[in-house]
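Let's take a walk through this model together, going from the whole chain down to single residues. Keep the viewer open as you read.

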Amino acid sequence: MDQEGYLYNIALFPLSFTFIIVETMNSLKHNQAVDELNSSDPAVRVKALRFIKNNIIGNKTKKDLYIQLDVIPKLVKFFKSKDTTDSQVQIQAAIVLGSFAYGGEENVTEIVKHDAIKPLLECISLKNDPRLIEAAARALKAIYKCPTADKNDIFADYHLRDLITLLNPDALHPKIDRERIASVHTAELAATIIARCCDTNEQQIQIASAGAFPALVNLLTCGFSKAQEAALDALAYLCRENPEFGKAIVETKSETSDSPVKIMLNLIQDKSPTMRLIAAKCLTHLSRANAIGEYSNDITLIVLPTLVKLLDEKGPVREEAPHVLAYLIRDNEELQKAACDSDAVPKLADFVTHVVDQESSYYDPVGDGDKLKENALMALAAISSLTDDGRKLVVEAKIIPHIVAAMSHRSYGIRAAACQCTRSLSRSINILRTSLVDAGIATPLFKLLSDESTDVQTTACATLCNLVLDFSPMKKTIMELGGIEKLVELVRSPDNTLRLNAIWALKNLVYQAESDVKEAVMKVLTYQTMETLISDQEIVEVQEQALNLLRNLACTKQIDIEEVFQGLGEDRLMNIIENKLCWWHENEEIIKQVLFVINNIATGNERHKSAIMNRPTILTRILNYMGHTNPEIRVIAVWVLINLLWTEDKSASMYLNILNIIIMRFLLYDLIFFNLNFIKAHKFEFKNYVIWDLKIK
């Protein structure tokens, strides 16, 4: 080492040594503060709590340090101990716990592990100091921000009742302006906690039964914006996917006799972007719950344009606006067209192409840029889900390469959203055959079938359903990548939705397929597995799609029908059909699929027809369904009889006469005539009729 470097290190040594001494002294102070929490003197404990509070606020490193010093159980003890009579100790302890909770999911897990929620809930009782109530409510708000925090305790004992009571600022009997402001802030905290505890229908019911609706509607008119925003948020979550509660909220009058919807329509014009967003969100949830049909024009002319304009804002408002917009227009063609007309697509596309990915932080593990990109992709998926105009705009925005790139993003939410966007675009045969093929989307999408996230796998599988259809150029690529084997693997997944999408994809794979493709699928899947799926005990939709698979296997050629007979065996096949007709007669979708299967078998040779004719129960059910209230079922039943009667073998007259006798016995000639006229009116041709199942997902 040269002399300059030697002198440089000598010069640094005293500075480094000083740093070590300072850090050691600081560490001693932190240890001392934790030790002082054991003091019998309340003043010493309060001083120590304030020292800890001032050190950890906004400082993850210090939070981690104090957690390692095992401070959380000491804080919780202040709420459980009967010796703690000084409310200042509990107030400061609640503030410190709240600060820890804002440090992320790991910190919340640590707080929950030491049973802090119940004592904090005890603190929100009206018998306590209002300052303690506010501090405890703030800590609970931070804890419940974590999606994995257990919400059960809030529904036990009288805690929910206390929360509902706190929604009324007058409950704390404020006497001066400062106390009034504090009581409104407490009401805001209570509303926020309620909004974060509406995850299930059962939770919604319990909160509504405790009297939340009138209290929240009244809070909308309190005049304090933050409290109004919290009330709107709580009402939004209470009516999410709940038509009954949506109508109940609409019918609830405020103390000023104002309609909640009119209050919301007024608040959506507020100068605050946050207020406009949450008001739009609440109206969106009410609209999705079919609770405000008479306000449909306001949804189209006020709510939707407001959300599109909010895309120009910054920060959290811009981040959430695409999410609310996606939910509003989902499954609604009229609103999707309105969104296209409002120039939403270019703004959303800009988020996908130009927002820089951000590193995650302890406070926001996803990152603002990531969440914005995910929500923008979901909004684009919604806009293009039902209309070709929407799909055309998305393609013209030149973001398909970015969608492909998003499939390998570190965020599972972005990967799933990219799949959803692809799924919407793939509903256009033209885009499926051109833009998506050119972008090389098949391979990255197929890789996502093995993603670590089940949500991503499920969405990727749903998207793949459209890529394996007969008219898709990517069908061959998917098969060469091992698509059949992978889909069969997913059919055995413990996740019901993933299983459903996998069997749906296999059903589409054999749609209008050559016999060798069908054989390849069943070699891996096996007929025994298909039979098990037809009798699935978890969800009936799996049974329906498994019957669809059987229907498509037994289609087009007699050799295909014969393959099904050989694979299942004639008796097993007829037993499956008979069982479904007898035990699922109230499920119209199952009835239709079974009749489709019978119809396709009836297009086969005389042996295949005889298998049906030799089952009186099946014939009787078919004839009964000709009088069904559902015209689709009547039409399929007629086609079954047409195909059973159709033959080019003149020697087959014996069983045709038997069939005619059966029809006469049931006095159904008039009914057949009526249904045949129905078929003619719908331009069906009278010939050997094979019915495929093709459903774009």
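A residue is called buried when its relative accessible area is under 20%, exposed when that area is over 50%, and partly exposed in between, using a 1.4 Å probe and protein chains only. By that yardstick Gln228 counts as buried, because its relative accessibility is 10%. Before going further, a word on the ground rules: this is a predicted model, in which local features need pLDDT of at least 70 and side-chain atom pairs count only at pLDDT 80 or more, while totals for chains, interfaces and linings use all residues. Residues are numbered from 1 along each chain as its sequence is written, and side-chain values use heavy atoms, with hydrogens and water left out.

Now for the overall picture. The chain has 42 helices and zero strands; both are DSSP runs numbered from the N terminus, with helices being H or I of at least four residues and strands E of at least two. Of the 697 residues in the chain, 52% are buried. Contact here means heavy atoms within 4.5 Å. Taking contacts in the chain between residues at least 6 apart in sequence, 71% join residues at least 24 apart.

Back to Gln228, which you will find in helix α13 (residues 225-238). Leaving aside residues up to four places away in sequence, Gln228 touches Leu219, Leu220, Thr221, Cys222, Gly223, Leu267 and Met275. Another buried residue to look at is Ala101, in helix α5 (residues 87-101). Ala101 counts as buried because its relative accessibility is 5%. With the same sequence neighbours set aside, up to four places away, Ala101 touches Val108, Ile111, Ala139, Ala142 and Ile143. Ala101 and Lys145 are 44 residues apart in sequence, and their C-alpha atoms are 8.7 Å apart in space.

Next, how do two helices pack? Helix α16 (residues 273-288) and helix α18 (residues 315-329) meet at an angle of about 15°, with their axes 10 Å apart. That angle makes α16 roughly parallel to α18. The axes are lines fitted to C-alpha atoms, for helices over the stretch in contact, and angles run from 0 to 180 degrees between N-to-C directions. Angles under 35 degrees count as roughly parallel, over 145 as roughly antiparallel, 65 to 115 as roughly perpendicular and the rest as oblique. The crossing of α16 and α18 is left-handed, a label used if the near helix is turned anticlockwise from the far one by less than a right angle, with right-handed used if clockwise. On the α16 side, the contact is made by Pro273, Thr274, Leu277, Ala280, Lys281, Thr284, His285 and Arg288, and on the α18 side by Val317, Glu320, Ala321, Val324, Tyr327 and Leu328. Sorted by class, this contact of α16 with α18 has eight nonpolar, three polar and three charged residues. In that sorting, Ala, Val, Leu, Ile, Met, Phe, Trp, Tyr, Cys and Pro count as nonpolar, Asp, Glu, Lys and Arg as charged, and the others, Gly among them, as polar.

Let's turn to charged pairs. A salt bridge is a side-chain nitrogen of Lys or Arg within 4 Å of a carboxyl oxygen of Asp or Glu, and the structure holds 31 salt bridges. One of them pairs Asp370 with Arg410 at 2.8 Å, N to O. Asp370 lies in helix α21 (residues 368-383) and Arg410 in the loop between α23 (400-406) and α24 (412-425), so this pair ties together parts that are 40 residues apart in sequence. Asp370 is buried, at 1% relative accessible area, whereas Arg410 is partly exposed, at 45%.

Also in helix α21, Lys371 and Glu374 are three residues apart and so separated by about one helical turn. Their side chains meet in a salt bridge of 3.6 Å, N to O. Lys371 is partly exposed, at 28% relative accessible area, and Glu374 is buried, at 15%. Elsewhere, salt bridges that share partners join Glu241, Arg288, Arg330 and Asp331 into one network.

Finally, a look at the backbone. Most residues other than glycine have a negative phi. Lys398 has a positive phi, near 60°, and lies in the loop between α22 (388-396) and α23. Lys398 is exposed, with a relative accessible area of 66%.
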